[in-house]
Amino acid sequence: MGRFWVSLAGAGFLLALLVLHSRFCASPVLRKFAFQISWRTKEIPYRLDVGWPKHSEYFTGATFCVAIDSLSGLVYIAQRGDNIPKVLVFTEDGYFLRSWNYTVDTPHGIFAASTLHEQSVWITDVGSGSYGHTIKKYNSFGDLVQVLGTPGKKGTGLNPLQFDNPAELFVDDTGDIYIVDGDGGLNNRLIKLSQDFMMLWLHGERGTGPAKFNIPHSVTVDSFGRVWVADRGNKRIQVFDKDTGEWLGAWNNCFTEEGPSSIRFTPDGKYVVVAQLKLCRLLLVAAPPVGSIGNCSVVGSIQLADQVLPHLLDVSGKTGAIYVAEIGAKQVQKYVPMNSYFPLFGS
């Protein structure tokens, strides 16, 4: 028995040395080892809701994106395919309500921006048809309300505004619109528009330096007035001041294997949820307070099944549940937070 305890203590001491060495000496082999060990000893703070949705047969295409209207308790899902409904509407409890297809060509990103007076759904369309290369606003029943861009014509112009494969958008509480334009097209841009669609600021150049992009794929805004962009091709997240567009910093230390494809915040603003497409993984990252962006610090992860390919995700502002659009598995899955980790999110 004495030998056992000596061996156990020695193993613990060796492990501690490996972790410290990997942290301070930047050895990639040891860093990988320490990372794997840390996850094996940490409980995942989310569980899969296997009962969502109630009827999965409505998924008939490749599910590219999902948006949560927490105010109305609705989930919007956009899928691609021939002769299928492009937009599906569920409740957050998983019940199917309706579908629609009008003027939707090839959806890529979706965002729900509802108020007490209006339920709005925005879709980025990357199709090559008569409705492609646009960003469109609909009501909850699929009636077209607004079109941004030049329908059916890709381009780089600003007056009139043109897009080429617009990836995603985010609409903040004031109605201002943040657009990442360039899912492999001509553009690599972050654009801010006012609620009446006037250009407020723009970062729009391909490159690896600050405020330059290589496939800006997802965008969100935090409660401190910072704009976060998943710069997928550059394997980093870039951060900007919401009002001025000033570059505030970047995270790249968490994405050496693969860049981020989607980014959202938990309702309390304490964590960033990031999807990595080919790794089939979700990361939970500590969000920095006001001030320095600092370095990326992963505090948890969810490893999905092989080849499900999580493309874009959204987080319920009411429950904190994560909804993941998986283009490989052709489904959307819901992950519910554990109350012991996130007591403020509700049940």
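## One disulfide and some unusual backbone spots

There is one disulfide in the structure, and the model itself is a predicted one. The partners in that bond are Cys-254 and Cys-296, with their sulfur atoms 2.1 Å apart. Cys-254 sits in the loop between strand 17 (247-251) and strand 18 (262-265), while Cys-296 sits in the loop between strand 20 (281-286) and strand 21 (298-303), so the bond ties together parts that are 42 residues apart in sequence. If you care about handedness, the torsion about the S-S bond is -110°, which makes the link of Cys-254 and Cys-296 left-handed.

How exposed are the cysteines? Cys-254 has a relative accessibility of 14%, so it counts as buried, given that the cut-off is under 20%. Cys-296 is buried as well, at 7%. Two further cysteines can be placed on that scale: Cys-65 is buried at 1% relative accessibility, and Cys-280 is buried with a relative accessible area of 3%.

Now for the backbone. Here are the cis peptide bonds, handy if you plan to check omega values yourself.

| Cis peptide bond | Omega | Loop that holds the proline |
|---|---|---|
| Trp-52 to Pro-53 | about -10° | Pro-53: between strand 1 (46-48) and strand 2 (62-69) |
| Asn-159 to Pro-160 | near 5° | Pro-160: between strand 9 (144-148) and strand 10 (166-171) |

Next come residues with a positive phi that are not glycines. Asn-83 has a phi of about 55° and belongs to the loop between strand 3 (74-80) and strand 4 (87-91). Is Asn-83 buried or exposed? With a relative accessible area of 84%, Asn-83 is exposed, because the cut-off for that word is over 50%.

Phe-197 also has a positive phi, about 70° in this case, although it is not a glycine. Where does Phe-197 lie? Look in the loop between strand 12 (189-193) and strand 13 (199-203). Its relative accessible area is 30%, so Phe-197 is partly exposed.

Finally, there is an annotated stretch. According to UniProt, in an unreviewed entry, residues 204-243 are listed as "repeat: NHL". In the model, that span is 45% strand and 0% helix, and the C-alpha atoms at its ends are 17 Å apart.

Notes:
Residues are numbered from 1 along each chain as its sequence is written. This is a predicted model: local features need pLDDT of at least 70, side-chain atom pairs count only at pLDDT 80 or more; totals for chains, interfaces and linings use all residues. Side-chain values use heavy atoms; hydrogens and water are left out. UniProt positions are given in the numbering used here, feature names are shortened, and annotations may be inferred rather than shown by experiment. Helices (H or I, at least four residues) and strands (E, at least two) are DSSP runs, numbered from the N terminus. Buried means under 20% relative accessible area, exposed over 50%, partly exposed in between (1.4 Å probe, protein chains only). A disulfide is a pair of cysteine sulfur atoms within 2.5 Å.
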